[in-house]
Every structure is written in structure tokens, then in C-alpha cells.
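Let's take a walk through this one, starting with the whole chain and then zooming in on a few helices.

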Amino acid sequence: MAENRALALLRRVWPVVSLALILLVIAIAIRLTDDIVLEDVYIEALAKLVVVVGLYIFVGNTGVISFGHPAFMAMGAYATAWLTIPPNIKRISLPNIWPALAEAHVAVIPANLLAGLPAAAFAFLVGLGISRLAGIAAGISTFGLLMIVRVVYSNWEDWTLGFSTIMGQPQYLTIWNSFGWGIFAMVVAFAYQESRLGLAARASREDEVAARATGVNIARQRLIAFVLSAYLVGVGGAIYVHFIGTVSIETFYVDMVVITLVMLIVGGINSLAGAVLGTIAITALIEMLRNLEGGFEIGATVIAAPRGTQEIGLAIVMLLILIYRPKGITGGREITWPFAPRRR
Amino acid sequence: MTVIVQHVSDAISLGALYALLALGIGLIYGIMRLVNFAHGDFIMIGGYTIFLTAEQNVVVTIAATILMMVALALVSERIVFRPLRRASPATLLVGSVALSYFLSNLILVVFLGRPKTMSFGRDLVEHFEFLGVRIPQINFVVIVVTLVLMAGLALFLRKTTIGTNMRAAAEDFVMAQLLGVRANVVIAMAFAVGGFLAAIVTLLYFSQTGSVSPRSGLPLVIIAFVATVVGGLGSLVGAALGGFVVGVISVVLQIILPVDLRPFRDAFVFALVILMLVFRPGGLLIVQAMRERV
């Protein structure tokens, strides 16, 4: 009996366990090759994974597009900078922030978890309005959010150094703790999508009228998804700067919008597996293109693709997927337990 | 008094330019529900066309820019937007973002990132006397060209068969098809006219700024988005009005905002847009055909 229950539980959480196993296998494979460059690629991919999974929580579950999530990344990124940079460095680089923050020196993991909160709070405030929108109006107003955060942060010199970069974040990420952050993000997203709230949000995505008729408050569900999503994206932005080691507002602009959306869309917007596999697939593609830009040898001649090949390649892949496989490589499905007979 | 007249002429001329910009996007949105994020990159590529033909006669430059941009609009319709025609508006928007990213990076590869300067239309920046006030000639050119184009567009949409077809398609695409309107022709025409309007904006815009870079398109498309949303998606009059309002407001904010707050101007503009979308999602002019039917 107990065995059965364990098996049933495993089957239930298999969509997230399977993804964790895939990430684990990749991590082990990279450790075995002992290639430092690949390790960095993995860590960056996992930081992006937290962001893409966070983006998925809103876009995937509610079906409402957002171009504004890099704004939440930026908020998380600056928040972790204020919390984790050692006070003696902050006294020099950021002399005018609140004294309490200037003296703060929070450990990295709690700091990263806290860093999502400003993003979540901001998302709640603006979400009160934005959650009433869908389609193009949502796309444009989330883009507006991105612009607002960009304008404010790039002019808030005392706290952000404007367009300059803030340095001194501890680069604490390893292949294993970044794997841990990936698990954290996937568990949050999976728990949400399996919950009553997640189901209600998905119902509103599939059919607004039917969802409303069965008692789903669509605006409220979108707001909940938006806040949770902003929190996770904020945490992801924080982790991302611990990978780079510096914060600059330029990091969180159109390029970031495009790359996170490409990852989600190529994987498949409507499933967690899509978010995760899309991140892996696009990371692999970018690495290939980056190697092409670096040049390779055929016989005695070195052939190098021009700078920008990466971005052009990404744009083409995104268009091809939109045209030929609009539901992404996963087709919007999760990875299901492979050994049991299908339930009728 | 002199200062006020100058500000007013600046505001009207910027408003007119933005109105043309928004019309290009609004025209295509009305027919196929595509908010074309790549519109700004069309204009950027037009800027490079001016740069490349700078040695030539002005007429050659103008003709080359118009040809280039109409061709570009038609090609992107055929390759990118026709296969996506049945997709949702949000997917179309994402597709146009991808196209925009493609075009700006393609130009980056070819011309590299440094801005290119050009002297096209430099003479127009000079001032001339009007009722005792000195006003840049370009302001007059922009206003006159805009008025002529709008009148032309209105005549085209009302008096020609293809124009009538386009209005019918914007009203109810499926019904128009059933009545014999050819979808491909109408949409291609909308892109061609959109490209033409973009070309005119290009010529007017770059003769004022005098330089172009791969990122030149972005601020323009953002303004056009804001304008179409403010005016009301789907209404051409709304788009033109929205563009005009946005142009005038940004000149006014630039003048009246205290110096400390000026850098935050765009944040105020976008906050207004979001508020507008929340409280009046249809824009200033609400179009019946845009109501979602259940």
C-alpha cells in the first residue's frame, strides 16, 4: 500500500522530477568534462531558467503576453546589489543610499530570496490595473512598465549609479547551487500550476467566458500569477547578477525581453517543460552560434561568422517556431510518467 | 510671444510627424490585427538608404527611400506575416518583435554600431521669418506634407475600389472575403501604403536628426505604439489623433516639467498610457469593429 502511494506521488510530481533529472544529467556531464567555459554556460543558463520559469508562471498559465518582465529582473538585480555588496565597498560606490542598507551585509541566499520582494510589491501595485488587460493592450502596457523602470532606475543616481555599473556582488554560483536555484524555481512553478489557483488561471487562459461562468475571477487570478511571476523573475535577476558580478540597467532591456521570450516560445509557452527545455535548447543554440562567431578551422583557413550572427540566428529560430510549430517543441505538454498504462 | 509661437510650431510639427508614424501602424492593425513592432526598423533601414544615396540628387534619394521601404514592407508581409495570418494578435506581435530584432541586428552586422551622419535636408533646418517670428522651415514642411498625405489617404480609402475594399476588410475581414475582397491583395496594399507612409516619416525625421544607427527604430516604434493605443486601436482617425496628442504632450511636458523631473518624462508618458489602457481600454475613439464578440 505504502509503496503504491509512493509511486502515485512520484507519478504526480514526475513532470518536475523528470526535468530536474535532465538538468542533473547535464550538470554531471559538464563536471565530468571539467570544462570551465561549459560550467559558466550552465550557471548562466540556470540563472536564465529561473527567469524564464518565472515568466512562464504568468504568460504560460494566464495566456497573457508580457514584454515587461526584465523590469522585475532589474529590480531584483539592484535589490541584491544593495543587500550583498560589502559595506566598505558600498560606502565608496553608493554613499547616498539609506544608512540601514549601507550597513547591511546579508548572506547571498537570503538576500536573493529577499530581492524578489520589491519586484513582487511593484507587480502587485501595477497589476491591480494591468490584470484587467489581455492581448495587445497587455503587451503594450507591460512594455510601458519596462520603460518606466528603466527610466526611473537610470536616473536614480544615488541608488543605482544611473547608466554606470555597480560592482562588487559576490560571484558565489557554482554548478551545484545554480542547479539548486533551478529546482527551487521549478518547484514553485509546478506547485502553483497544480494548485487551485493555477487551475483557475489556466481555465481563464483556455476560455475566458467559460471560466467566468464557472466562478473564476479572471482579474484576480491574473494578478496572483503576475505577482508570483514577478517575485520569481526578481529572484532570477538577482541570481543573474551574481553570475555576472556587476549590475547595469542596460542588461535588462530589449535584448533580454527577446531572449527570455524566445526561450519560452521555442520550448512551448503552455508548459513548465516548455520553459525548461526551451531554455536548454536556446542556450545550446546560442553556444553553437557563439562558437561560429569565434571562428573554426577548415584545413588551414579560419572561418568566422560576423558578430551579430547569434542574434540573427535567434530571431530566425523564433520566427520559424512561431510559423511552423506555434506551440513550441513540447507542444504545450508536460513530461508524463512513462511506465504506467495511460488512464482513460 | 515669439517663444510661444516657436513652441507651438514645434509642438504641431512633432505632433504631425507622430501622427504619420501612428497611421502606418494603425492602417495594418485595422486590417490584420498586427501591431507591427518592426515599423521602427523599417524607418531605420530607410535612414540607411538615405545615408547610402547621400551623394545623389535629392530626387534620387527620395525615390530610393520610398522604393526600398515599400519593397521591405511587402517582402516582410510575404515572408513573415502571411504565414502567421491566422495567429492571435499577441502571437503576431511577438512575430513582429522577432522581425524587428532580426532587422536591427542585420544592419548591425552590415554597418556596425556607430551612428552614420548625413546631410540630407540640412538646409531645411534654417529659420525664416513669419509674422515677425523666426521658425525653422522644416516645421512648415512637416505640417504641409502631413496634411497633404492625410488628405490623399482619405481620398484613396474613400474613392478608389481598393481603398473601399480595405475599409471593408478592416470592418469585418471574413465578411469582406465572402463578398469577393481578395485577402492577399488588400493586405499587401495595406503594407505597401504603410511602407510609403513610413518612407515619408523617414525622410522628414532624418532630415531633422541627421544621424542613423541600428537602434534608431526603437524610440520611434515606442512612440507609435503609445500613439495608436491612446487614439484607439483600429481607428485611423484615432491613430492620427493619438500621434498628434503624444507629440504635443511631449513638447509641453518638456517645457513645463521642472528641470529635476525632466529626465523622468518618459516614465510619466508611459504611466499615462497604462492608466489610459486600464480606464479606457478602447482609446480616445472606440471602434465598433474592435469589440470582441462572444
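**A tour of chain B**

First, overall dimensions: chain B has a radius of gyration of 19 Å, which agrees with the value near 19 Å that a compact globule of 294 residues would have. Keep in mind that this is a predicted model. The C-alpha trace of chain B spans about 60 × 45 × 35 Å along its principal axes. Of its 294 residues, 51% count as buried. As for contacts in chain B with a separation of 6 or more, 75% of them come from residues 24 or more positions apart.

Chain B is built from eleven helices and four strands. A good one to pick out is helix 5 of chain B, residues 137-159. This helix has 23 residues and runs 33 Å from first C-alpha to last, close to the 33 Å expected at 1.5 Å a residue. Its buried residues are B:I138, B:N139, B:V142, B:T146, B:L149, B:L153, B:F156 and B:L157. And what covers them? The cover includes helix 1 (2-32), strand 3 (133-136), helix 6, helix 8 and helix 10 (236-256) of chain B.

Two of those partners, helix 6 (residues 161-171) and helix 8 (residues 183-209) of chain B, also have axes that come within 10 Å and cross at roughly 100 degrees. Angles of 65 to 115 degrees count as roughly perpendicular, so that's how helix 6 and helix 8 of chain B sit relative to each other. Where they meet, helix 6 of chain B brings B:I162, B:N165, B:M166 and B:A169, while helix 8 of chain B brings B:V185, B:V186, B:M189 and B:A190. By type, the residues of this contact split into seven nonpolar, one polar and no charged.

Note on methods: Residues numbered from 1 in each chain as written. Chains lettered and ligands numbered in written order. Predicted model: local features only at pLDDT ≥ 70, side-chain atom pairs only at ≥ 80, totals over all residues. Heavy atoms only, no water. Axes fitted to C-alpha atoms, helices over the stretch in contact; angles between N-to-C directions. Helix = DSSP H or I, 4+ residues; strand = E, 2+ residues; numbered from the N terminus. Parallel < 35°, antiparallel > 145°, perpendicular 65-115°, else oblique. Contact = heavy atoms within 4.5 Å. Nonpolar A, V, L, I, M, F, W, Y, C, P; charged D, E, K, R; others polar. Expected span 1.5 Å × (residues − 1). Buried < 20%, exposed > 50% of the residue type's maximum accessible area, 1.4 Å probe, protein only. Rg over C-alpha atoms; globule rule 2.2 N^0.38 Å.
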